[in-house]
Amino acid sequence: MTPFRLLVAVALLLAATCRGFAADVVFPPGAHVGMKPLVGLNRARSFIGFETEDQGVKVLIADLPADAYNEVVSAFKANPAGSGNIKPESLETPAGLAYYTVESARDGTTNVRRYSMILPGPTFSGYVAVQVPENASKIYTDDAVRQMFATAQIRNEVPVDEQLGMMPFKVTELGSFKNVRMLAPGAALLMADGDDRGLETKPFMLLGIIGSAPATPDDRGRFAQQIATTIPGVRDGRITMSEPIRIDGQPGFETRIDAVSGKDNTPVTIVQWLRFGAQTSMRIIGSSPRTDWEKAFPRFRAVRDGIQPRG
């Protein structure tokens with residue numbers, strides 16, 4: 001082959017490779033991990049990640065605890081050959097050294113290839129899972145998925161407006177909370193003054209939707225008190241008040257609890273508001289150290305009154 005033809009061949013190869021990816025790294029809404037998705041992959045409709053139009057090829061993106069990455073690294077060093085015919089591979093990415101696995105499996109009656117990658121983050125581990133059905137494997141090959149993985153990047157923070165836009169309701173008032181982040185994408189939102197290491201030592205709120213509602217108005221009090229007992233991290237709780245109220249014109253219930261929380265047994269006061277719909281209930285929880293309650297409660301109420309339906 002002449003030098004000129006060689007250069008043309010290389011140029012065509014590079015052009016074909018570039019057409020296989022998005023031009024820039026794409027961060028799906030709510031995700032800390034972004035990458036250049038392969039051709040044909042667009043934002044997923046029902047989860048955080050990407051998928052093909054027919055939803056056959058899926059790329060799921062999630063956060064894992066920070067220790068998860070170190071555990072994978074330790075396991076890789078202890079047994080680099082892997083187990084069960086699944087050998088972990090390392091891969092350099094803009095986010096750092098990642099590890100991934102590939103395996104053949106079945107999804108119902110369909111043969112699929114499954115890929116899992118974990119990569120380091122500042123306070124979390126990034127995780128990406130890909131599933132490719134057999135009828136798409138000639139396009140989404142092992143090598144193509146590896147190349148996509150190699151473009152993975154991390155962003156430390158997801159913009160607050162982006163997170164709020166994923167919730168099934170509008171939050172128009174943040175109550176001056178400094179830390180706002182989703183706990184479950186599109187389902188639960190945390191608003192706090194502190195961080196995870198000492199959340200209960202400062203005021204915080206949890207907002208979300210419960211997939212159930214009391215069957216009749218007479219059941220609302222019992223329903224509210226039962227739900228109040230499921231607030232995580234609370235010990236020695238004592239209900240001090242539980243009564244029906246109206247929230248933005250809809251029936252609701254307010255329950256207050258005195259309890260202790262956290263490793264230092266911080267005395268806290270908690271308010272739970274439920275706003276009832278036909279089949280679901282909005283749940284709003286505000287927790288504050290008892291010494292800060294008088295200042296925290298107006299902030300909680302302002303956030304509650306600023307929540308509006310979408311549509």
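Start at the largest pocket, which encloses about 810 Å³ of space. The model is predicted.

**The pocket**

Select His32, Asp63, Thr123, Phe124 and Arg181: of the 25 residues that line the largest pocket, these lie nearest its centre. Next, colour strands S4 and S11 (179-184), each of which supplies at least two residues of that lining. S4 contributes the most to the lining of the largest pocket, with five residues.

**The cores**

Stay with S4 and turn to the nonpolar interior. The largest nonpolar core has 26 residues, and those with the most contacts inside it are Met35, Leu41, Val59, Met117, Val128, Val130 and Phe149. Five elements give two or more residues to this core: strands S4 (58-65), S6 (96-107), S7 (110-120) and S8 (124-133), and helix H3 (142-149). With four residues, H3 gives the most to this core.

Now select Met35 and show what surrounds this residue. Leaving aside residues up to four places away in sequence, Met35 touches Asp24, Val25, Val26, Phe50, Val59, Val128, Met148, Thr151 and Ala152. A second, separate core has 23 residues, and Met167, Val171, Met182 and Ala296 are among them.

**Aromatic pairs**

Show the rings next. The structure holds eight aromatic pairs. Take Phe223 and Phe276: their ring centres are 6.2 Å apart and their planes stand at 70 degrees, so this pair is edge-to-face. Phe223 belongs to helix H5 (residues 220-228) and Phe276 to strand S16 (residues 266-276), so the pair ties together parts that are 53 residues apart in sequence. Are these rings buried or exposed? Phe223 has a relative accessible area of 10% and is buried. Phe276 also counts as buried, because its relative accessibility is 5%, below the 20% cut-off.

Move along to Trp273 and Phe297. Their rings form a tilted aromatic pair, with 5.8 Å from centre to centre and 45 degrees between the planes. Trp273 sits in strand S16 and Phe297 in helix H6 (residues 293-305), and the pair links these distant parts of the chain, 24 residues apart. Both Trp273 and Phe297 are buried.

Widen the selection to Phe177, Trp273, Trp293, Phe297 and Phe300, which ring pairs link into a cluster. Two arginines can be added to this view. Arg299 lies over the face of Phe177, 4.3 Å from the ring centre. Arg304 has its charged end over the ring of Trp273, at 4.7 Å from the centre of that ring.

**A last stop at Glu134**

Finish by selecting Glu134, which lies in the loop between S8 and H3. This residue counts as exposed, because its relative accessibility is 51%, and exposed means over 50%. Which residues does Glu134 touch, not counting residues up to four places away in sequence? The answer is Asn111 and Val112.

To close, add Pro217 to the selection and draw a line between the two C-alpha atoms. Glu134 and Pro217 are 83 residues apart along the chain, and their C-alpha atoms are separated by 52 Å.

Note on methods: Residues are numbered from 1 along each chain as its sequence is written. This is a predicted model: local features need pLDDT of at least 70, side-chain atom pairs count only at pLDDT 80 or more; totals for chains, interfaces and linings use all residues. Side-chain values use heavy atoms; hydrogens and water are left out. A nonpolar core is a set of buried Ala, Val, Leu, Ile, Met, Phe, Trp, Tyr and Cys residues joined through side-chain atoms within 4.5 Å. Buried means under 20% relative accessible area, exposed over 50%, partly exposed in between (1.4 Å probe, protein chains only). Contact means heavy atoms within 4.5 Å. Rings of Phe, Tyr and Trp (its six-membered ring) pair if their centres lie within 6.5 Å; planes under 30 degrees apart count as stacked, over 60 as edge-to-face and the rest as tilted. A charge sits over a ring if NZ of Lys or CZ of Arg is within 6 Å of the ring centre and within 35 degrees of the ring normal. On a 1 Å grid over the protein atoms alone, a cavity is a set of points where a 1.4 Å probe fits but cannot get out, and a pocket is an open set with protein on both sides within 12 Å along at least five of seven lines; lining residues have an atom within 4 Å of a point. Grid points are joined across faces, edges and corners, and a volume is the space filled by probe spheres set on the points.
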